[in-house]
Amino acid sequence: MLKLKRNILKTGDYILILTVLCLIAFLFSRFYFSKSGARQVNITGNSFQGSFPGDENRVIDVEGPLGVTRVIIEDGEVWVEESPCREKICIKMGKIKRAGEQIVCVPNRVIVEIEGEREAVDGITR
Amino acid sequence: MNGKLYISNTMNGKLYISNTIRSSEGQKRAFFIAFLGAMAISLSIIEHMVPKPFPWMRIGLANAITLYAFTLLKPREVMLVVLSRVIATSILIGSFLSITFILSFSGALASFMMMYLFYTYLRKFFSIVGISVIGALTSNTVQLIMVNILFINTRLSYYFLPFILLFALLGGILSGWFSRFLVENI
(Lines give C-alpha, C1' and ligand atoms only; values in the text may rest on other atoms or scores of the structure.)
Protein backbone atom coordinates (compact mmCIF):
# COMPACT_ATOMS: atom_id res chain seq x y z
CA MET A 1 0.00 0.00 0.00
CA LEU A 2 0.93 3.67 -0.41
CA LYS A 3 3.29 3.02 -3.24
CA LEU A 4 3.63 4.88 -6.51
CA LYS A 5 4.59 3.36 -9.81
CA ARG A 6 7.73 4.67 -11.40
CA ASN A 7 7.90 6.51 -14.72
CA ILE A 8 4.35 7.65 -14.73
CA LEU A 9 5.15 10.96 -16.48
CA LYS A 10 4.82 10.75 -20.24
CA THR A 11 6.60 12.76 -22.92
CA GLY A 12 3.65 15.13 -23.28
CA ASP A 13 3.97 16.10 -19.62
CA TYR A 14 7.61 17.09 -19.95
CA ILE A 15 6.85 19.04 -23.15
CA LEU A 16 3.90 20.76 -21.46
CA ILE A 17 5.86 21.74 -18.35
CA LEU A 18 8.79 23.00 -20.44
CA THR A 19 6.46 25.00 -22.70
CA VAL A 20 4.73 26.60 -19.74
CA LEU A 21 8.07 27.45 -18.11
CA CYS A 22 9.24 29.08 -21.36
CA LEU A 23 5.95 30.99 -21.60
CA ILE A 24 6.35 32.22 -18.02
CA ALA A 25 9.94 33.32 -18.68
CA PHE A 26 8.84 35.10 -21.86
CA LEU A 27 5.99 36.90 -20.10
CA PHE A 28 8.26 37.92 -17.22
CA SER A 29 10.84 39.35 -19.58
CA ARG A 30 8.14 41.03 -21.64
CA PHE A 31 6.34 42.66 -18.74
CA TYR A 32 9.03 43.30 -16.16
CA PHE A 33 12.44 43.51 -17.78
CA SER A 34 11.73 45.38 -20.98
CA LYS A 35 12.69 49.03 -21.32
CA SER A 36 9.44 50.76 -22.02
CA GLY A 37 10.37 54.42 -22.12
CA ALA A 38 8.54 57.41 -23.45
CA ARG A 39 7.71 57.16 -27.14
CA GLN A 40 6.63 60.69 -27.99
CA VAL A 41 6.93 63.75 -25.76
CA ASN A 42 4.65 66.73 -26.33
CA ILE A 43 5.70 70.06 -24.86
CA THR A 44 3.30 72.99 -24.81
CA GLY A 45 4.41 76.46 -23.72
CA ASN A 46 2.94 79.94 -23.84
CA SER A 47 4.24 80.58 -27.36
CA PHE A 48 5.79 77.20 -28.01
CA GLN A 49 4.52 73.85 -29.18
CA GLY A 50 6.71 70.87 -29.93
CA SER A 51 6.71 67.10 -30.21
CA PHE A 52 9.89 65.11 -29.68
CA PRO A 53 10.77 61.42 -29.94
CA GLY A 54 11.43 59.92 -26.52
CA ASP A 55 14.38 57.75 -27.52
CA GLU A 56 16.65 60.64 -28.53
CA ASN A 57 18.53 62.50 -25.82
CA ARG A 58 18.08 66.25 -26.01
CA VAL A 59 17.70 69.45 -23.99
CA ILE A 60 14.76 71.72 -24.76
CA ASP A 61 14.50 75.29 -23.53
CA VAL A 62 10.91 76.51 -23.39
CA GLU A 63 10.31 80.24 -23.28
CA GLY A 64 7.58 81.27 -20.80
CA PRO A 65 6.26 84.47 -19.17
CA LEU A 66 8.80 84.19 -16.32
CA GLY A 67 11.81 82.89 -18.19
CA VAL A 68 13.26 79.72 -19.58
CA THR A 69 12.16 76.26 -18.44
CA ARG A 70 14.73 73.60 -19.29
CA VAL A 71 13.27 70.16 -20.15
CA ILE A 72 15.58 67.18 -20.55
CA ILE A 73 14.80 63.96 -22.43
CA GLU A 74 17.26 61.18 -21.69
CA ASP A 75 17.00 57.38 -22.02
CA GLY A 76 13.24 57.48 -22.35
CA GLU A 77 12.83 59.58 -19.23
CA VAL A 78 11.68 63.19 -19.16
CA TRP A 79 12.20 65.76 -16.43
CA VAL A 80 12.39 69.50 -15.80
CA GLU A 81 15.91 70.56 -14.88
CA GLU A 82 15.54 74.28 -14.36
CA SER A 83 12.57 76.56 -13.91
CA PRO A 84 12.23 80.21 -12.99
CA CYS A 85 9.03 79.66 -11.04
CA ARG A 86 8.73 80.16 -7.27
CA GLU A 87 7.53 76.79 -5.95
CA LYS A 88 9.60 74.54 -8.26
CA ILE A 89 6.82 71.98 -8.28
CA CYS A 90 7.66 70.95 -11.83
CA ILE A 91 11.20 70.02 -10.75
CA LYS A 92 9.91 68.13 -7.72
CA MET A 93 7.63 66.07 -10.00
CA GLY A 94 10.74 64.08 -10.87
CA LYS A 95 11.20 61.89 -13.90
CA ILE A 96 8.31 60.57 -15.95
CA LYS A 97 8.42 57.74 -18.45
CA ARG A 98 5.02 56.09 -18.77
CA ALA A 99 2.41 56.96 -21.37
CA GLY A 100 -0.06 59.57 -20.16
CA GLU A 101 2.14 61.02 -17.42
CA GLN A 102 2.50 64.79 -17.20
CA ILE A 103 4.67 67.50 -15.72
CA VAL A 104 2.96 70.87 -15.45
CA CYS A 105 4.48 74.21 -14.49
CA VAL A 106 1.61 76.60 -13.90
CA PRO A 107 3.52 79.88 -13.30
CA ASN A 108 5.59 79.51 -16.44
CA ARG A 109 2.73 78.00 -18.51
CA VAL A 110 4.56 74.81 -19.54
CA ILE A 111 2.99 71.37 -19.99
CA VAL A 112 5.17 68.32 -20.67
CA GLU A 113 3.23 65.23 -21.56
CA ILE A 114 4.07 61.74 -22.78
CA GLU A 115 1.75 60.70 -25.54
CA GLY A 116 -0.52 57.69 -25.27
CA GLU A 117 -3.36 56.20 -23.29
CA ARG A 118 -2.72 56.27 -19.57
CA GLU A 119 -1.77 52.72 -18.55
CA ALA A 120 -1.02 52.93 -14.87
CA VAL A 121 -3.70 52.87 -12.21
CA ASP A 122 -3.52 54.82 -8.96
CA GLY A 123 -4.66 51.96 -6.79
CA ILE A 124 -6.68 48.78 -6.63
CA THR A 125 -8.91 47.78 -3.76
CA ARG A 126 -10.65 44.53 -3.14
CA MET B 1 -29.81 -1.37 5.81
CA ASN B 2 -27.19 -1.43 8.54
CA GLY B 3 -24.41 -2.80 6.40
CA LYS B 4 -21.13 -1.07 5.68
CA LEU B 5 -20.21 0.14 2.21
CA TYR B 6 -17.03 -1.20 0.71
CA ILE B 7 -15.78 0.76 -2.25
CA SER B 8 -13.13 -0.50 -4.57
CA ASN B 9 -11.84 0.20 -8.02
CA THR B 10 -11.33 -3.14 -9.70
CA MET B 11 -8.75 -3.90 -12.32
CA ASN B 12 -11.03 -3.35 -15.31
CA GLY B 13 -12.02 0.09 -14.07
CA LYS B 14 -15.63 -0.74 -13.18
CA LEU B 15 -17.19 0.47 -10.00
CA TYR B 16 -17.65 -2.07 -7.32
CA ILE B 17 -19.50 -1.39 -4.13
CA SER B 18 -20.40 -4.31 -1.99
CA ASN B 19 -23.22 -3.79 0.39
CA THR B 20 -25.51 -5.92 2.47
CA ILE B 21 -28.44 -4.56 0.50
CA ARG B 22 -28.58 -5.05 -3.23
CA SER B 23 -27.83 -1.90 -5.18
CA SER B 24 -28.20 -1.18 -8.86
CA GLU B 25 -25.47 0.23 -11.11
CA GLY B 26 -27.25 3.62 -11.09
CA GLN B 27 -27.29 3.68 -7.30
CA LYS B 28 -23.59 2.90 -7.20
CA ARG B 29 -22.84 5.75 -9.58
CA ALA B 30 -25.02 8.14 -7.62
CA PHE B 31 -23.19 7.11 -4.47
CA PHE B 32 -19.86 7.76 -6.13
CA ILE B 33 -20.91 11.20 -7.40
CA ALA B 34 -21.97 12.17 -3.89
CA PHE B 35 -18.87 10.62 -2.30
CA LEU B 36 -16.40 12.34 -4.62
CA GLY B 37 -18.36 15.61 -4.41
CA ALA B 38 -18.12 15.49 -0.61
CA MET B 39 -14.39 14.80 -0.78
CA ALA B 40 -13.89 17.74 -3.15
CA ILE B 41 -16.01 20.07 -1.01
CA SER B 42 -14.09 19.27 2.16
CA LEU B 43 -10.74 19.66 0.41
CA SER B 44 -11.61 23.02 -1.11
CA ILE B 45 -12.95 24.32 2.20
CA ILE B 46 -9.74 23.27 3.91
CA GLU B 47 -7.85 25.12 1.20
CA HIS B 48 -9.97 28.22 1.73
CA MET B 49 -9.12 28.17 5.43
CA VAL B 50 -5.36 28.20 4.86
CA PRO B 51 -4.15 31.81 4.96
CA LYS B 52 -2.43 32.93 1.78
CA PRO B 53 -1.10 36.25 0.49
CA PHE B 54 -3.11 36.13 -2.74
CA PRO B 55 -6.42 34.41 -3.36
CA TRP B 56 -5.12 32.68 -6.49
CA MET B 57 -2.18 31.07 -4.66
CA ARG B 58 -3.88 27.71 -4.26
CA ILE B 59 -2.88 24.14 -4.85
CA GLY B 60 -6.29 23.15 -6.17
CA LEU B 61 -6.62 19.88 -4.31
CA ALA B 62 -10.27 19.67 -5.33
CA ASN B 63 -8.99 19.41 -8.88
CA ALA B 64 -7.29 16.15 -7.93
CA ILE B 65 -10.70 14.76 -6.99
CA THR B 66 -12.07 15.81 -10.38
CA LEU B 67 -9.24 13.93 -12.06
CA TYR B 68 -9.84 10.90 -9.89
CA ALA B 69 -13.52 11.11 -10.83
CA PHE B 70 -12.57 10.97 -14.51
CA THR B 71 -11.08 7.53 -13.99
CA LEU B 72 -14.25 6.23 -12.32
CA LEU B 73 -17.23 8.00 -13.87
CA LYS B 74 -18.62 9.16 -17.19
CA PRO B 75 -17.77 12.76 -18.18
CA ARG B 76 -21.33 13.89 -17.52
CA GLU B 77 -21.17 12.56 -13.98
CA VAL B 78 -17.79 14.20 -13.44
CA MET B 79 -19.42 17.47 -14.42
CA LEU B 80 -22.02 16.85 -11.70
CA VAL B 81 -19.19 16.36 -9.20
CA VAL B 82 -17.57 19.63 -10.31
CA LEU B 83 -20.79 21.64 -10.24
CA SER B 84 -21.88 20.31 -6.86
CA ARG B 85 -18.42 21.05 -5.48
CA VAL B 86 -18.39 24.66 -6.68
CA ILE B 87 -21.95 25.46 -5.62
CA ALA B 88 -21.84 23.69 -2.25
CA THR B 89 -18.45 25.19 -1.35
CA SER B 90 -19.62 28.70 -2.17
CA ILE B 91 -22.78 28.24 -0.10
CA LEU B 92 -20.79 26.93 2.85
CA ILE B 93 -18.22 29.72 2.64
CA GLY B 94 -20.87 32.34 2.01
CA SER B 95 -19.85 33.59 -1.39
CA PHE B 96 -22.75 32.16 -3.37
CA LEU B 97 -23.60 34.34 -6.43
CA SER B 98 -20.88 36.83 -5.51
CA ILE B 99 -17.84 37.83 -7.53
CA THR B 100 -15.76 35.01 -6.07
CA PHE B 101 -18.45 32.53 -7.02
CA ILE B 102 -18.65 33.77 -10.62
CA LEU B 103 -14.89 33.51 -10.94
CA SER B 104 -14.55 30.06 -9.41
CA PHE B 105 -17.57 28.78 -11.33
CA SER B 106 -16.24 29.89 -14.71
CA GLY B 107 -12.74 28.67 -13.88
CA ALA B 108 -13.98 25.27 -12.75
CA LEU B 109 -16.19 24.82 -15.82
CA ALA B 110 -13.44 25.82 -18.25
CA SER B 111 -10.87 23.60 -16.59
CA PHE B 112 -13.36 20.72 -16.61
CA MET B 113 -13.83 21.15 -20.37
CA MET B 114 -10.09 21.23 -21.04
CA MET B 115 -9.39 18.25 -18.79
CA TYR B 116 -12.24 16.35 -20.42
CA LEU B 117 -10.81 17.00 -23.91
CA PHE B 118 -7.29 16.05 -22.86
CA TYR B 119 -8.42 13.02 -20.90
CA THR B 120 -10.56 11.56 -23.67
CA TYR B 121 -8.46 12.40 -26.73
CA LEU B 122 -4.84 12.93 -25.65
CA ARG B 123 -4.39 10.38 -22.90
CA LYS B 124 -1.68 8.65 -24.90
CA PHE B 125 0.61 11.63 -24.53
CA PHE B 126 -0.33 13.06 -21.15
CA SER B 127 -0.36 11.38 -17.78
CA ILE B 128 -2.68 12.45 -15.01
CA VAL B 129 -0.12 15.00 -13.79
CA GLY B 130 -0.06 16.73 -17.17
CA ILE B 131 -3.85 16.83 -17.33
CA SER B 132 -3.93 18.32 -13.85
CA VAL B 133 -1.47 21.02 -14.93
CA ILE B 134 -3.68 21.76 -17.95
CA GLY B 135 -6.70 22.11 -15.68
CA ALA B 136 -4.92 24.43 -13.25
CA LEU B 137 -3.57 26.65 -16.04
CA THR B 138 -6.99 26.89 -17.69
CA SER B 139 -8.79 27.65 -14.46
CA ASN B 140 -6.43 30.45 -13.44
CA THR B 141 -6.20 32.02 -16.89
CA VAL B 142 -9.96 31.98 -17.35
CA GLN B 143 -10.41 33.60 -13.94
CA LEU B 144 -8.01 36.39 -14.90
CA ILE B 145 -9.81 36.93 -18.20
CA MET B 146 -13.16 37.02 -16.39
CA VAL B 147 -11.81 39.61 -13.96
CA ASN B 148 -10.72 41.68 -16.93
CA ILE B 149 -13.99 41.39 -18.82
CA LEU B 150 -16.29 41.96 -15.88
CA PHE B 151 -14.53 44.28 -13.49
CA ILE B 152 -11.22 45.98 -14.14
CA ASN B 153 -11.03 46.27 -17.90
CA THR B 154 -7.41 47.36 -18.26
CA ARG B 155 -4.52 45.64 -19.89
CA LEU B 156 -2.58 46.20 -16.69
CA SER B 157 -3.92 43.12 -14.91
CA TYR B 158 -2.20 40.91 -17.48
CA TYR B 159 0.98 41.82 -15.62
CA PHE B 160 -0.21 39.21 -13.10
CA LEU B 161 -0.25 36.52 -15.77
CA PRO B 162 3.31 35.15 -15.33
CA PHE B 163 2.85 34.90 -11.54
CA ILE B 164 -0.51 33.22 -11.95
CA LEU B 165 0.82 30.75 -14.50
CA LEU B 166 3.81 29.94 -12.30
CA PHE B 167 1.65 29.13 -9.30
CA ALA B 168 -0.83 27.24 -11.49
CA LEU B 169 2.03 25.10 -12.76
CA LEU B 170 3.29 24.31 -9.25
CA GLY B 171 -0.21 23.71 -7.89
CA GLY B 172 -1.14 21.60 -10.90
CA ILE B 173 1.88 19.36 -10.46
CA LEU B 174 1.15 18.97 -6.73
CA SER B 175 -2.52 18.17 -7.16
CA GLY B 176 -1.71 15.90 -10.10
CA TRP B 177 0.66 13.98 -7.85
CA PHE B 178 -2.07 13.74 -5.25
CA SER B 179 -4.63 12.44 -7.75
CA ARG B 180 -2.11 9.96 -9.06
CA PHE B 181 -1.73 8.73 -5.51
CA LEU B 182 -5.52 8.41 -5.28
CA VAL B 183 -5.85 6.57 -8.59
CA GLU B 184 -3.11 4.10 -7.85
CA ASN B 185 -3.94 3.34 -4.24
CA ILE B 186 -7.67 3.50 -3.71
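In helix α3 of chain B, the residues B:Glu77, B:Val78, B:Val81, B:Val82, B:Arg85, B:Val86, B:Thr89 and B:Ser90 are buried. The model examined here is a predicted one, and the description moves from this helix to the sheet of chain A and then to the contact between the chains. An α-helix has 3.6 residues a turn, so residues three or four places apart point the same way. The buried residues of α3(B) pack against three other helices of chain B, namely α1 (25–49), α2 (61–72) and α4 (99–121).

The length of this helix can be checked against its number of residues. Helix α3 of chain B covers residues 75–93, and because each residue is taken to add 1.5 Å, its 19 residues should span 27 Å, which agrees with the 27 Å that separate its end C-alpha atoms. Just after α3(B), B:Gly94 takes a positive phi of about 100°.

One of the buried residues, B:Ser90, which is found in helix α3 of chain B, may be considered individually. Its relative accessibility is 5%, and because residues under 20% are classed as buried, B:Ser90 counts as buried. When residues up to four places away in sequence are not counted, B:Ser90 touches B:Ser95, B:Phe96 and B:Phe101.

Chain A contains two helices and seven strands, and from the N terminus on its elements follow the order α-β-β-β-β-β-α-β-β. Of the 126 residues in chain A, 32% are buried. Among the contacts in chain A between residues at least 6 apart in sequence, 28% join residues that are at least 24 apart.

Four strands of chain A form an open sheet in the order β2-β1-β7-β6, with antiparallel pairing. The edge strands of this sheet are β2 (49–53) and β6 (102–105), each of which pairs on one side only. Neighbouring strands of the sheet are turned against each other by 10° on average, with direction ignored.

Strand β7 of chain A (residues 110–114) pairs with strand β1 of chain A (residues 40–44) in the antiparallel sense over four bridges, and in this pairing A:Val41 stands opposite A:Ile114. Strand β7(A) is also joined to β6(A) by four bridges, and these two strands run antiparallel; here A:Val112 in β7(A) is the bridge partner of A:Ile103. The hairpin of β6(A) and β7(A) has four residues between the strands, and in this hairpin A:Arg109 takes a positive phi near 55°.

In a regular strand the side chains alternate between the two faces of the sheet. Such alternation is found along β7(A), where A:Val110, A:Val112 and A:Ile114 point to one face and are buried, while A:Ile111 and A:Glu113 point to the other face and are not buried.

The contact between the two chains was considered last. The size of an interface is often given as the accessible area lost when the parts come together. Between chain A and chain B the buried area is about 2,500 Å², of which carbon and sulfur atoms give 74%. The contact takes 24 residues from chain A and 29 residues from chain B, and the count of salt bridges between chain A and chain B is zero.

Technical notes
Residues are numbered from 1 along each chain as its sequence is written. Chains are lettered from A and ligands numbered from 1 in the order in which they are written. This is a predicted model: local features need pLDDT of at least 70, side-chain atom pairs count only at pLDDT 80 or more; totals for chains, interfaces and linings use all residues. Side-chain values use heavy atoms; hydrogens and water are left out. The expected span of a helix is 1.5 Å times one less than its number of residues. Buried means under 20% relative accessible area, exposed over 50%, partly exposed in between (1.4 Å probe, protein chains only). Contact means heavy atoms within 4.5 Å. Two strands pair if DSSP finds at least two bridges between them. Axes are lines fitted to C-alpha atoms, for helices over the stretch in contact, and angles run from 0 to 180 degrees between N-to-C directions. Buried area is the accessible area (1.4 Å probe) that two parts lose on being put together, summed over both. A salt bridge is a side-chain nitrogen of Lys or Arg within 4 Å of a carboxyl oxygen of Asp or Glu.
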